[in-house]
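Please open the structure in your viewer and keep the selection panel at hand. The stops below are best taken in order.

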Amino acid sequence: MKIVDLLAAPGVHVSCEVFPPKEFARVEEAREVVREIAALSPAYVSVTYGAAGNTPYFTRELAQTVQNAGVPALVHLTCINDTVPKVDTVLDDLETCGVTNVLALRGDIPEGAVFPGGEHFEHAAELIAHVKRRGGFCVGAACYPEGHPEALNRAQDLDHLKAKVEAGVDFLTTQMFFDNATLYNFMYRALRAGIRVPVGAGIMPVVNARQIRRIAALSGATLPPRFWSIVDRFGDDPASMRQAGVAYATEQMIDLIANGVNNIHLYTMNRADVARDVFRNLGAILAR
Ligand code: FAD
């Protein structure tokens with residue numbers, strides 16, 4: 001099923017993100033995580049690509065596990081490290097496997113990176129236009145409520161987001177954020193810029209104090225004082241931190257839903273147990 005059609009249906013849609021392993025030996029473990037998450041009946045499950053040095057093969061393997069569990073799969077596709085023919089090979093392969101949803105991304109630029117010779121895409125908008133010209137795929141893209149870390153300012157970043165939408169994006173998923181006011185402000189600015197495609201709000205339950213500085217460094221997301229109080233009080237006790245992290249994410253989601261945000265994307269970090277607790281906390285709300 002195309003995600004754009006799924007998001008057009010009435011009700012609240014909660015989707016989940018998983019990442020593939022780096023080594024073949026851990027594929028079965030990752031498949032089990034996917035099956036457990038699929039059993040929660042998320043709207044769809046997205047599988048990341050390239051970020052941790054994994055290969056397109058592992059991403060495709062997990063996407064097939066998602067689809068075999070009866071849940072639509074969204075495959076992330078980055079372009080900065082690949083030539084256009086390589087991107088086309090990945091798309092051919094996805095088509096053969098019956099995957100019809102891709103999240104078209106530039107990808108992070110590793111320090112000292114040397115880009116491939118030959119024709120390649122510099123920005124996600126070019127990849128999006130390419131996939132749309134090819135046809136057959138529903139295409140999503142990333143957006144950044146606090147602005148992308150490389151952008152000069154949020155206005156410039158919004159212009160670049162508009163270019164992605166004009167290239168044919170069907171839906172957007174936000175970077176994680178920990179203060180809902182950030183999302184509401186972004187949605188307002190996006191609407192004012194004429195961006196009308198569905199936006200999935202990215203929520204990450206932080207259940208482990210060790211993740212926090214890494215999250216802030218990788219995503220550029222601001223962590224509000226209320227969040228730091230939780231870390232200060234519970235960070236050294238794994239069980240308490242887990243409980244508080246799940247509660248924080250649940251509360252964010254309830255507030256979003258109460259304020260009319262119907263599409264939420266859960267960054268699970270492959271913690272099926274955490275995703276299960278969040279879905280359980282929202283049981284009656286999601287069943288409405
Ligand atoms: P772009 O849209 O190309 O934007 C990148 C930067 O370039 C921005 O600062 C933008 O303002 C600027 N820009 C855009 N167009 C132009 C232009 N024409 N001229 C000048 N500047 C321009 N990374 C992975 O490696 N694998 C994943 O699976 C993955 N999944 C993600 C999922 C989500 C929901 C999100 C939010 C991020 C994900 N990322 C992933 C991280 C993402 O790849 C990085 O944030 C990356 O730095 C930017 O990707 P993008 O597609 O947003 O790039």
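The tour begins at the ligand and then turns to two loop residues in this predicted model.

**The ligand and its shell.** Select the ligand together with the residues around it, of which there are 23; Y49, D108, Y144, D157 and K164 come nearest. Colouring the shell by residue class should give nine nonpolar, nine polar and five charged residues.

**Polar contacts.** Display Y49 first: a polar backbone atom of this residue is 2.7 Å from a nitrogen atom of the ligand. Next, select A124, where a backbone N or O atom lies 2.9 Å from a ligand oxygen atom. Then show the side chain of K164, which places an N or O atom 2.7 Å from an oxygen atom of the ligand. A surface view is useful here: the ligand taken alone exposes 990 Å², and the protein buries 83% of that area.

**Elements lining the shell.** Which elements give two or more residues to the shell around the ligand? Select β3 (73-78), β4 (101-105), α6 (154-166) and β6 (171-176) to see them. The largest share, three residues, comes from α6.

**S41.** Move to the loop between α2 (27-38) and β2 (45-47) and select S41. Its phi is positive, near 60 degrees, in a residue other than glycine. S41 counts as exposed because its relative accessibility is 58%, and the cut-off for that class is over 50%.

**M269.** Finally, select M269 in the loop between β8 (263-267) and α11 (272-281). This residue is not a glycine, yet it has a positive phi of about 50 degrees. With a relative accessible area of 31%, M269 is partly exposed.

Terms used. Residues are numbered from 1 along each chain as its sequence is written. This is a predicted model: local features need pLDDT of at least 70, side-chain atom pairs count only at pLDDT 80 or more; totals for chains, interfaces and linings use all residues. Side-chain values use heavy atoms; hydrogens and water are left out. A residue is near a molecule or strand if one of its heavy atoms lies within 4 Å of it. A polar contact is a pair of N or O atoms within 3.5 Å; within protein, one must be able to donate a hydrogen and the other to accept it, and residues adjacent in sequence count only if both atoms are side-chain atoms. Accessible areas come from the Shrake-Rupley method with a 1.4 Å probe; for residues, only the protein chains shown count as cover. Helices (H or I, at least four residues) and strands (E, at least two) are DSSP runs, numbered from the N terminus. Ala, Val, Leu, Ile, Met, Phe, Trp, Tyr, Cys and Pro count as nonpolar, Asp, Glu, Lys and Arg as charged, and the others, Gly among them, as polar. Buried means under 20% relative accessible area, exposed over 50%, partly exposed in between (1.4 Å probe, protein chains only).
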